[in-house]
There are 2 protein chains.
Amino acid sequence: MEIKVIRDILEQNDLGADQVRRFCQDHNLFLINVLGSPGAGKTSFIQSMIKHLSANIYVIEGDIASTIDAERIAALGVQVIQINTGGACHLIADTISDALLQLAPTKGSLIFIENIGNLVCPSSFDLGESMRVLVSSVAEGDDKPYKYTTTFQAVDLIVLSKSDVKEVIGFDSEYYRKGLQALGLENKCLEVSFRTGQGEAALSSFLASIIEAGKCLRV
Amino acid sequence: MEIKVIRDILEQNDLGADQVRRFCQDHNLFLINVLGSPGAGKTSFIQSMIKHLSANIYVIEGDIASTIDAERIAALGVQVIQINTGGACHLIADTISDALLQLAPTKGSLIFIENIGNLVCPSSFDLGESMRVLVSSVAEGDDKPYKYTTTFQAVDLIVLSKSDVKEVIGFDSEYYRKGLQALGLENKCLEVSFRTGQGEAALSSFLASIIEAGKCLRV
């Protein structure tokens, strides 16, 4: 039986992340790591940005199993690589490094990484990304910033999705806002419904302005 | 820096799980490990069962941070212990062992463990439980049995929650059922809405029959 040492795993991952960063600098790539719970709307977010942004886009799809999400992306005519982790609860930098070599993206491209559906583990693993986006659905409840502080504090933008079901779910916006405020994140959250389209234009404009500035937000 | 070895972590956990099992046998306890994504409705499930079941109930609440869920349980007059893992993405058996000693439940009691909100990691860790229940919300989408196969296959009952928002979410029941069927789980799923109360009586009757039989489903 193989013995893995956690310290080595994190050190090894940091080396991989440095490699990804160098690759992105050399090829002028903007890399967005998309985090969130299962069913939060990560694929819908990426699909929406593909439709709204004028950039040349590639996608790296992470899942425990299945190619469902990769098929949704490929249907939009975008080049996509599916990574099935088997059981692993997060993506690691070495996998991203390999995927980038396979994709061979043209200079100046935008790359989305859809991480494993998990509000806990992925935020501990640096993938060498330029920016981290957390997609969190109102259906998960208004208490998430109070309970999953580590992940909320580890991202650059929170996309509060499924805003159209706020009322039927009984989501308390004021309580949620206070939770974000306690973490200093009240200005980092945008609401959107990918079903009705509400908020999509504002979200894509905001993201476009960050991508155009081309500055890595993670260093 | 401490070096943790994964093999030792799993072996250590199995020893702890055996200890929990012995404690439960000695005290005639029925222990239910409740798994699910963030915001799936795990606490609502436990609250509902507290209201519907006539058993003497105790609750062990797992969260990364906060005491929000423990307060919801305590408000029902039930003895509860909150475990905050800091960053850890699942509960371990040793923690349950300690919690049981602290709770000192009377013989013949029913104990609910609410695991960390995470559809991936908790299912790999045996807590010495008598039964595993997965709470999964329709808001997470109808593709979950296809993507999170490991966790779906590791449970004894699936509670499909928030059934009242099926239509507004666009949940495809037939696609979901086929996903369960592919895993041999089509008879292990009950639908419920803890908001409208629909399905609660059937769910609690079903659970009561299992608990009355008193047979551990995990050995």
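This is a dialogue about reading the chain pairing, the salt bridges and one buried serine in a predicted model.

Colleague: Which conventions should I keep in mind before I begin?

Modeller: The model is predicted, so local features need pLDDT of at least 70 and side-chain atom pairs count only at pLDDT 80 or more, while totals for chains, interfaces and linings use all residues. Residues are numbered from 1 along each chain as its sequence is written, chains are lettered from A and ligands numbered from 1 in the order in which they are written, and side-chain values use heavy atoms, with hydrogens and water left out.

Colleague: What turn lays chain A on chain B?

Modeller: Copies are superposed by least squares on the C-alpha atoms of residues with pLDDT of at least 70 in both. Here a turn of 180° with a shift of 0.0 Å along the axis lays chain A on chain B at an RMSD of 0.0 Å, which is the relation of a two-fold axis. The same surface serves both copies, since 100% of the contact residues of chain A recur in chain B.

Colleague: How many residues are in contact between the chains, and how is the buried area read?

Modeller: With contact taken as heavy atoms within 4.5 Å, 40 residues of chain A are in contact with 40 residues of chain B. Buried area is the accessible area (1.4 Å probe) that two parts lose on being put together, summed over both; between chain A and chain B this area is about 3200 Å², and carbon and sulfur atoms give 65% of that.

Colleague: Where are the salt bridges, and which residues do they join?

Modeller: A salt bridge is a side-chain nitrogen of Lys or Arg within 4 Å of a carboxyl oxygen of Asp or Glu. The rule finds two across the interface of chain A and chain B, including that of B:Asp69 with A:Lys147, whose closest N and O atoms are 2.9 Å apart. Within chain A, A:Lys147 also meets A:Asp143 in a salt bridge (3.1 Å, N to O).

Colleague: Is A:Ser137 buried or exposed, and what does its side chain reach?

Modeller: Buried means under 20% relative accessible area, exposed over 50%, and partly exposed in between (1.4 Å probe, protein chains only). A:Ser137 has a relative accessible area of 2% and is therefore buried, and its side chain reaches the backbone nitrogen of A:Ala139 at 2.8 Å. Leaving aside neighbours within four places in sequence, A:Ser137 is in contact with A:Ala40, A:Leu160, A:Ser161 and A:Lys162.

Definitions and conventions. Polar contact = N/O pair within 3.5 Å; in protein donor to acceptor, adjacent residues only side chain to side chain.
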